Amino acid sequence: MSSAQRAVLQAVFEAAVAAAHPAGCLPARLPPPPEHGRLILIAAGKAGGSMIEVAEAHYAALGVDPARIGGVAVARHGYGRPTRFVPMIEAGHPVPDAGSVEGARLALEAAASATADDLVLVLLSGGASANLVAPTGALTLDDKRAITRHLLRSGAAIDEINTVRKRLSRIKGGRLAAAAFPARLVTLAISDVPGDDPAIIGSGPTVADPATNADALAIADRHGTPLGAARALFLDPANETPKPGDPVFA
């Protein structure tokens, strides 16, 4: 490769990063703060630190009382940013770790505390699936790590992986939206998922899930993923994710 070709490729790369960086694309899209209630900020993913940094600066400039702001931000190790109002946690990616569990715990607690007067603003980016992990049922973090590792090595597409992940979680597949109901909920996402499907980005924690438990089980079986005790979750109707039309998305 010539130096001229390398320079062109470097310029293309830098332009793409600049266009997607939260500092440039996020401020104009941030919603107004709630008139009376609290502003609950939940950020997750590889850009979670940058997104929360931009959002906090935006609302501080608007004069929002820090006492009205809560939430949590989670990003991949090494991608954290200084925050003003909410805790910043660094967590595992692409395989989750204890930070992922702590981030999900704080996110669910913050969402569950919301009232109809509050605004829950969720800032998602690629990597949020690994950064927000809340094992459901009797599953452990190690169970989820093993299933995630196998899926990543199996050649499964990201939409397939995230469809399976939703069945193992108390936060993915629209369940964060269920926790936040009846607060107003806004999600802004920076996508690295082909097709930009909101139900797939970060495993769609605030988005209705059109897939079913049976769909997810078929994916796991097709890729030979050992589910162990988790298989029961795919067979349990009570473990189905919230679907389009569910009141929690109103």
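Modeller: In this predicted model, a residue is called buried when its relative accessible area is under 20%, exposed when over 50%, and partly exposed in between.

Biologist: Why is Asp-209 called buried?

Modeller: The relative accessible area of Asp-209 is 1%, and since the term applies under 20%, Asp-209 counts as buried.

Biologist: What makes the pair of Asp-209 and Lys-166 a salt bridge?

Modeller: The criterion is a side-chain nitrogen of Lys or Arg within 4 Å of a carboxyl oxygen of Asp or Glu; for Asp-209 and Lys-166 the closest N and O atoms are 3.1 Å apart, and the pair therefore forms a salt bridge. Asp-209 lies in the loop between strand E5 (184-190) and helix H9 (213-222), while Lys-166 lies in the loop between helix H7 (158-165) and helix H8 (175-180), so this salt bridge ties together parts that are 43 residues apart in sequence.

Biologist: How do you know that Lys-243 also forms a salt bridge with Asp-209?

Modeller: The closest N and O atoms of Lys-243 and Asp-209 are 3.8 Å apart, which is within the 4 Å cut-off. Lys-243 lies in the segment after helix H10 (231-234), so its pairing with Asp-209 ties together parts that are 34 residues apart in sequence. Lys-166, Arg-167, Asp-209, Glu-240 and Lys-243 are linked in a network of salt bridges.

Biologist: Why is Lys-243 called partly exposed?

Modeller: Its relative accessibility is 23%, a value in between the 20% and 50% limits, so Lys-243 counts as partly exposed.

Biologist: Is Asp-118, the partner of Arg-38 in a salt bridge, buried or exposed?

Modeller: Asp-118 has a relative accessible area of 4% and is therefore buried, whereas Arg-38, at 30% relative accessibility, counts as partly exposed. The closest N and O atoms of this salt bridge are 3.3 Å apart, and the two residues are 80 residues apart in the chain.

Biologist: How do you know that the span of H4 agrees with the expected one?

Modeller: At 1.5 Å a residue, the 15 residues of H4 should span 21 Å, and the end C-alpha atoms are 21 Å apart, which agrees.

Biologist: What puts the buried residues of H4 on the same side?

Modeller: The buried residues of H4 include Gly-99, Gly-103, Ala-107 and Ala-111, and the buried set covers an arc of only 165° around the axis, which puts them on the same side of H4. In general, an α-helix has 3.6 residues a turn, so residues three or four places apart point the same way. On the other side of H4, Ala-98 and Ala-112 are exposed.

Key: Residues numbered from 1 in each chain as written. Predicted model: local features only at pLDDT ≥ 70, side-chain atom pairs only at ≥ 80, totals over all residues. Heavy atoms only, no water. Helix = DSSP H or I, 4+ residues; strand = E, 2+ residues; numbered from the N terminus. Buried < 20%, exposed > 50% of the residue type's maximum accessible area, 1.4 Å probe, protein only. Expected span 1.5 Å × (residues − 1). Arc of directions from axis to C-beta.
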